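Reader: I would like to learn how to read a model of this kind, going from contacts to sheets and then to individual side chains. Could you take me through it step by step?

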Amino acid sequence: MSFMTCGPNEAMVVSGCFHRRPLLVPGGRVFYLPGLQTLQKLSLSTMTFQVETSNVYTKKGVQISVTGIAQLKIDGQKEDMLAKACQQFLGKREREIHNIALQTLSGHQRAIMGNLTVEEIYQDRESFNKHVFETASADLASMGMVVISYTIHEIHDSCGYLKALGESRTAEVRRDARMGEAQATMESGIKASSNSFWSDINYSNTICDYVANAILVEYQLQAYGRLVPSTAAIQRQKIVAEETKVKEIERHQQIQIQEQEILRKQKELDAKVKQPALAEKYKKEQLAQGAAMMIQNEAEAEATSIRFKGEAEAAAISAKAKAEAEQMRLKAEAWQQYQDAALVDMVLQALPQMVAEVATPLTQSTKGIKLVSCGGDNAHVGASKLTGEVLDIVERLPQVVNNMTGVDLSKAISKR
């Protein structure tokens with residue numbers, strides 16, 4: 001009997017005699033009988049994955065790449081999950097386990113990217129993370145694994161779609177900043193004009209109070225007989241009243257002029273700052289929408305072109321195959337109908353070429369060689385000898401054809 005222990009990041013599996021089902025021991029100790037029982041270990045450590053899905057077409061046909069970071073581990077706290085993990089991974093190396101989980105995560109990430117738009121992935125990353133987390137967790141649970149966390153690490157593309165979205169947002173921020181600056185300038189001008197207005201009013205009230213006090217003092221002194229007669233005081237009082245009316249009218253006119261100046265400055269700021277900012281925002285939005293539409297149309301056109309090209313190639317291959325099949329069928333029917341006659345016709349058509357092929361090596365081999373006859377007085381020499389050799393070979397052709405095909409050319413030609 002042997003005794004074995006393991007750390008909290010491992011699980012021991014004992015199988016064999018005396019166990020109807022394997023004994024699972026996550027992070028502990030166990031006795032087992034070597035030879036009768038088998039002890040295996042399974043790692044429960046957390047595994048980190050970099051899930052890369054490149055060049056995936058989103059819901060609107062825009063191609064992007066996403067890199068996610070996920071942490072997974074085999075669940076050793078639940079016996080049923082640990083049993084599933086043992087069935088799936090026991091005896092496999094850590095690299096093999098890592099590759100199985102990575103392929104599962106990559107597939108779910110790619111599938112969810114295909115069901116969303118670029119804006120939904122880029123602007124609502126939390127929702128995308130939640131979709132991948134929930135979908136992958138349900139699938140990996142059947143393997144005894146649990147997803148600890150998942151988050152997007154990077155989003156990029158090679159066609160400039162994300163850059164166009166960023167430029168549109170930058171234009172909006174700049175427009176808001178310019179409008180805020182214009183609003184602050186306008187409010188500052190209004191406040192300064194208002195302060196000047198109330199300062200003028202206070203000054204006018206002070207003058208009026210001073211004149212009224214002077215008139216009152218004059219009136220009191222006149223009552224005691226120390227000043228000129230009351231008629232002069234009355235005249236002076238009328239003069240001061242008229243002067244006060246004139247100043248009041250001037251003050252009202254100045255207030256109207258200041259109000260008109262405030263309206264003029266407000267319209268000037270609106271024309272020089274606010275309207276150009278709105279125009280710039282509209283321009284950026286239209287450019288961004290145009291760039292996105294162009295990229296989407298190019299992707300759709302490329303996909304349609306590939307589909308049409310594939311269909312045309314398939315049709316061409318099908319037509320060629322049908323033509324070749326028809327040609328073979330016609331040849332087979334001709335051979336079956338004519339049989340020996342067809343063979344004789346083919347041999348006769350090929351006979352000139354065969355004679356040429358027989359004569360070619362003889363003509364090539366005799367260059368620079370003098371022909372000498374070793375026969376009697378009637379032996380042929382020179383061209384006549386060469387021609388005779390060629391004819392002798394041609395005379396043997398019917399016998400060769402008969403041996404190869406079973407067709408007697410002499411009988412077939414005599415019948416014709």
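Reader: Which residues is Leu-72 in contact with, once its neighbours within four places in sequence are left aside?

Author: In this predicted model, a contact list is read by asking which parts of the chain meet at one residue. With those neighbours set aside, Leu-72 is in contact with Ser-45, Thr-46, Met-47 and Phe-49, with Ala-101, Leu-105 and Leu-140, and with Met-145, Val-146, Val-147 and Ile-148.

Reader: Which residues touch the most other members of the largest nonpolar core?

Author: The largest nonpolar core has 41 residues, and the ones that touch the most other members are Leu-72, Phe-128 and Met-145. Apart from this core lies another, made of six residues, among them Cys-6, Met-12, Val-30 and Tyr-32.

Reader: Let us turn to the sheets. In what order do the strands of the open sheet with β6 lie?

Author: A sheet is read by its strand order first, and then by its pairing. Here the order of the three strands is β6-β7-β8, and the pairing is antiparallel. At the edges are β6, residues 47-57, and β8, residues 145-156, each of which pairs on one side only. From one strand to the next, the twist averages 25 degrees.

Reader: How many bridges join β7 to β8, and how many join β6 to β7?

Author: Strand β7, which covers residues 63-74, pairs with β8 in the antiparallel sense over ten bridges, while the antiparallel pairing of β6 and β7 runs over nine bridges. To fix the register, one looks for residues that face each other across a pair of strands: Thr-67 stands opposite Glu-154 in β8, and Tyr-57 has Gln-63 in β7 as its bridge partner. The hairpin of β6 and β7 has five residues between the strands, and in this hairpin Gly-61 takes a positive phi near 85 degrees.

Reader: Which helix packs on this sheet, and which strands does this helix touch?

Author: Helix α4, residues 125-141, packs on the sheet and touches β7 and β8, and its direction makes about 145 degrees with that of β8.

Reader: How should I read a single strand residue such as Thr-53, and is Thr-53 buried or exposed?

Author: A general point comes first: in a regular strand, the side chains alternate between the two faces of the sheet. Thr-53 lies in strand β6, and Thr-53 counts as buried because its relative accessibility is 0%, where buried means under 20%. The side chain of Thr-53 is joined to that of Gln-109 by a polar contact of 2.8 Å. Not counting residues up to four places away in sequence, Thr-53 touches Ile-64, Ser-65 and Val-66, as well as Ser-106, Gln-109, Arg-110 and Met-113.

Reader: And what can be said of Arg-329 in helix α6?

Author: Arg-329 lies in helix α6, which spans residues 230-338, and at 39% relative accessibility Arg-329 counts as partly exposed. A polar contact of 2.3 Å links the side chain of Arg-329 with the side chain of Glu-326.

Reader: Which strands form the open sheet that includes β2, and in what order?

Author: That open sheet has three strands in the order β3-β2-β5, with antiparallel pairing. Its edge strands are β3, residues 23-26, and β5, residues 37-43. Strand β2, residues 10-16, pairs with β5 in the antiparallel sense over seven bridges, and Ala-11 stands opposite Leu-42 in β5. Helix α1, residues 79-89, lies across β2, β3 and β5 and runs at about 105 degrees to β3.

Note on methods:
Residues are numbered from 1 along each chain as its sequence is written. This is a predicted model: local features need pLDDT of at least 70, side-chain atom pairs count only at pLDDT 80 or more; totals for chains, interfaces and linings use all residues. Side-chain values use heavy atoms; hydrogens and water are left out. Two strands pair if DSSP finds at least two bridges between them. Helices (H or I, at least four residues) and strands (E, at least two) are DSSP runs, numbered from the N terminus. Axes are lines fitted to C-alpha atoms, for helices over the stretch in contact, and angles run from 0 to 180 degrees between N-to-C directions. Contact means heavy atoms within 4.5 Å. Buried means under 20% relative accessible area, exposed over 50%, partly exposed in between (1.4 Å probe, protein chains only). A polar contact is a pair of N or O atoms within 3.5 Å; within protein, one must be able to donate a hydrogen and the other to accept it, and residues adjacent in sequence count only if both atoms are side-chain atoms. A nonpolar core is a set of buried Ala, Val, Leu, Ile, Met, Phe, Trp, Tyr and Cys residues joined through side-chain atoms within 4.5 Å.
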